[in-house]
Amino acid sequence: RDAIAEVVRVAAWPLANEGRRVIALVGPTGVGKTTTAAKLAAHARRDGRSVSLVACDLHRVGAVDQIRRYAELIGARFFTARDRIELLRAIEAAGTDVVIVDTAGRAPRMDGLESTLTADNFSKHPETKGYARHVLLCVPASMRAGDAARVVRSYGPLTPTAIAITKIDETETPAGIVHAAAAAKRPVSVLCFGQRVPEDIAPATSAAVLDHVAPRTPTTVTAS
């Protein structure tokens, strides 16, 4: 447990503190970005904040309808964006405390929409002025070390600020938490463990990470 704690650092919940923020979910297809976006949006609404959801995956069948429905249920504004210009316009038009961007599940191109989210580019645009930047790399808890390294190579150019671990409930050995943290050299800030919105999400803490990855074995006491 001590060794894992040295590898897996934790970062603040992306909705912690006051102020406006853009939270972008990036990562491969099927890792749960859309559900994670909805959970974060619902928590922000519960906190009394205004929220916008921006759907960028306009190619996957049903993707836009899914996140639009979440926006309706949560009471969030909804936008779509197919390129950098549309994403910046959506952020500017949102006018909300929190803007959550659900990106497409494909490797980003540095001349594509996702390039807007990099640390170097984000602050250069007047449309993002006043927004704190959070880019969460979404990784499933069951991911192997080699796959985690490949994902980091693909999405590392977007300079993620932290990691969101998804689908903890779908594996008995959530070693992906360690693999992702080691490969990305980024802290974990979000833990997801089910499909329910917004219940199955929590801030990452060192104790929670250790309990998932290396739960303590109960000590058996033998009567003398």
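Q: What share of the contacts between residues at least 6 apart in sequence join residues at least 24 apart in the protein chain?
A: In this predicted model, it's 77% of them. A contact here takes heavy atoms within 4.5 Å.

Q: What makes the protein chain as compact as a globular protein of its length?
A: Start with the parts: the chain has 8 helices and 8 strands. Its radius of gyration is 18 Å, and the globule rule gives 17 Å for 224 residues; those are close, so the chain counts as being as compact as a globular protein of that length. For the extents, the C-alpha trace spans about 70 × 35 × 35 Å along its principal axes.

Q: How much of the protein chain is buried, and how much area does it expose?
A: Buried residues are 49% of the 224, where buried means under 20% relative accessible area. The exposed area comes to about 10800 Å², with carbon and sulfur atoms supplying 49% of it.

Q: Why is Thr116 called buried?
A: The cut-off is under 20% relative accessible area, and Thr116 has 2%, so it's buried. You'll find Thr116 in the loop between strand E4 (98–102) and helix H5 (119–122). Beyond four places in sequence, its contacts are Arg84, Leu87, Leu88, Asn121, Phe122 and His125.

Q: Why is Arg77 called partly exposed?
A: Partly exposed sits between the 20% and 50% cut-offs. Arg77 has a relative accessible area of 42%, so the label is partly exposed. This residue belongs to strand E3 (residues 77–80). Leaving out residues up to four places away, Arg77 touches Val51, Ser52, Leu53, Ala71, Ala93, Ala94 and Thr96. Take Val51: it is 26 residues from Arg77 in sequence, yet their C-alpha atoms are 6.3 Å apart.

Q: How do you know that Ala164 is buried?
A: Its relative accessibility is 0%, so Ala164 counts as buried. Ala164 is in strand E6 (residues 162–166). Past four places in sequence, Ala164 contacts Leu136, Leu137, Cys138, Val139 and Val190. Its C-alpha is also 6.0 Å from that of Ser189, 25 residues away along the chain.

Q: Why is Asn17 called exposed, and what is its phi?
A: Exposed means over 50%; Asn17 has 60% relative accessibility, so it counts as exposed. Asn17 lies in the loop between helix H1 (2–7) and strand E1 (21–26). Its phi is near 70°, a positive value in a residue other than glycine. As background, most residues other than glycine have a negative phi.

Q: Is Thr159 buried, exposed or partly exposed, and what is its phi?
A: At 27% relative accessible area, Thr159 falls between the cut-offs, so it's partly exposed. Its phi is positive too, at about 45°, although Thr159 is not a glycine. Thr159 sits in the loop between helix H6 (145–155) and E6.

Q: What makes the peptide bond joining Val197 and Pro198 cis?
A: Look at omega: about 5° for the bond joining Val197 and Pro198, and that bond is cis. Most peptide bonds are trans. Pro198 is in the loop between strand E7 (188–192) and strand E8 (201–203).

Q: Where does pLDDT stay under 50?
A: Over residues 219–224, where the model has 0 contacts beyond four places in sequence. Where pLDDT is low, the predicted coordinates should not be read in detail. For the protein chain, mean pLDDT is 92, and 96% of residues reach 70 or more.

Methods
Residues are numbered from 1 along each chain as its sequence is written. This is a predicted model: local features need pLDDT of at least 70, side-chain atom pairs count only at pLDDT 80 or more; totals for chains, interfaces and linings use all residues. Side-chain values use heavy atoms; hydrogens and water are left out. Helices (H or I, at least four residues) and strands (E, at least two) are DSSP runs, numbered from the N terminus. The radius of gyration is taken over C-alpha atoms; the globule rule is 2.2 Å times the number of residues to the power 0.38. Buried means under 20% relative accessible area, exposed over 50%, partly exposed in between (1.4 Å probe, protein chains only). Accessible areas come from the Shrake-Rupley method with a 1.4 Å probe; for residues, only the protein chains shown count as cover. pLDDT is the predictor's confidence in each residue, from 0 to 100.
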